[in-house]
Amino acid sequence: MATKKKITRVAKIQAQAGAASPATVGKDLGPLGVNIIEFCKQYNAATQDLRGHVVPAVLTVYEDRTFELVVKMPTTASLLRQVAAIEKGSPRPGAQSVAVISREQLREVARRKLPDLNTADLDQAEKIIAGTARSMGLTVRD
């Protein structure tokens with residue numbers, strides 16, 4: 001019977017999908033003692049089809065310096081930027097709107113993001129995503 005490895009650290013990392021390199025994640029992973037090159041290979045392979053998004057990952061580091069990588073869905077802000085076709089959010093949300101998205105586009109982002117949210121109800125997920133959209137300076141129209 002195999003023995004369980006002892007977990008030393010659990011870290012959350014966010015990087016551009018398919019573009020992780022030692023230069024971009026080295027400062028975050030260096031103190032953990034993991035093989036940065038191996039992390040980059042695994043992360044880039046797992047996120048290759050999500051290029052253009054910022055994708056969070058949970059990294060579980062074990063005592064023997066091995067690690068386990070779990071890739072999440074792209075960030076809500078990244079999905080909203082893609083839907084609205086903008087580079088970045090408003091510098092003054094609430095006072096200055098940068099784009100308008102439809103309720104259907106908002107619902108589609110909520111559907112994609114639902115597995116990572118703390119709700120199983122699509123209507124509640126839509127409200128969570130709408131809050132992020134407002135904080136980015138996006139206007140949601142019906």
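The exercises below, each with a worked solution, concern a predicted model of a protein chain.

**Exercise 1. The overall layout**

Find how many helices and strands the chain has, and in what pattern they follow one another.

Solution. Start with the count: the chain holds 5 helices and 5 strands. Next, walk along the sequence, which gives β-α-α-β-β-α-β-α-α-β. For the extent, the C-alpha atoms fill a box of roughly 55 × 35 × 25 Å along the principal axes. Finally, consider burial and contacts. Of the 142 residues, 38% are buried. Among contacts with a separation of 6 or more, 61% join residues 24 or more positions apart.

**Exercise 2. The length and faces of helix 5**

Check the span of helix 5 against the expected value, then work out where its buried residues lie around the axis.

Solution. Step one is the length. Helix 5 covers residues 122-136, which is 15 residues. The expected span is 1.5 Å times one less than the number of residues, so helix 5 should span 21 Å. The C-alpha atoms at its ends are 21 Å apart, in agreement with this.

Step two is to list the buried residues of helix 5: Ala 125, Glu 126, Ile 129, Ala 130, Ala 133 and Met 136. Viewed down the axis of helix 5, they fall within an arc of 140°, so they line one face. The general reason is that an α-helix has 3.6 residues a turn, so residues three or four places apart point the same way.

Step three is to look at what surrounds the helix. The cover over the buried residues of helix 5 includes helix 3 (76-84), helix 4 (103-113) and strand 5 (138-141). On the other side of helix 5, Lys 127 and Arg 134 are exposed. Just after the helix comes Gly 137, with a positive phi of about 90°.

**Exercise 3. The nonpolar cores**

Identify which elements supply the largest nonpolar core and which of its residues touch the most other members.

Solution. The largest core has 19 residues, and those touching the most other members are Val 25, Leu 29, Leu 32, Val 34, Phe 39, Tyr 43 and Leu 59. At least two residues each come from strand 1 (7-16), helix 1 (22-29), helix 2 (36-47), strand 2 (54-62) and strand 3 (67-71). Strand 2 gives the largest share, 4 residues.

Now take Leu 32 as an example. Beyond its neighbours within four places in sequence, Leu 32 contacts Arg 9, Ala 11, Leu 59 and Val 61. Another core, of 16 residues, lies apart from the largest one; among its members are Ala 84, Ile 129, Ala 133 and Leu 138.

**Exercise 4. Salt bridges**

Determine which parts of the chain are tied together by the salt bridge of Lys 5 and Asp 64, and which residues join Arg 107 in one network.

Solution. The total is 8 salt bridges. In one of them, Lys 5 and Asp 64 meet at 3.9 Å, N to O. Lys 5 is in the segment before strand 1 and Asp 64 in the loop between strand 2 and strand 3, so the pair ties together parts 59 residues apart in sequence.

Turn to Arg 107. Its closest N and O atoms to Asp 123 are 3.0 Å apart, and to Glu 126 they are 2.9 Å apart. Arg 107 belongs to helix 4 and Glu 126 to helix 5, so this pair ties together parts 19 residues apart. Buried means under 20% relative accessible area; Glu 126, at 7%, is therefore buried. Arg 107, at 21%, is partly exposed. Through shared partners, Arg 103, Arg 107, Asp 123 and Glu 126 form one network.

Conventions:
Residues numbered from 1 in each chain as written. Predicted model: local features only at pLDDT ≥ 70, side-chain atom pairs only at ≥ 80, totals over all residues. Heavy atoms only, no water. Buried < 20%, exposed > 50% of the residue type's maximum accessible area, 1.4 Å probe, protein only. Arc of directions from axis to C-beta. Contact = heavy atoms within 4.5 Å. Core = buried A, V, L, I, M, F, W, Y, C linked by side-chain atoms within 4.5 Å. Salt bridge = Lys/Arg side-chain N within 4 Å of Asp/Glu carboxyl O.
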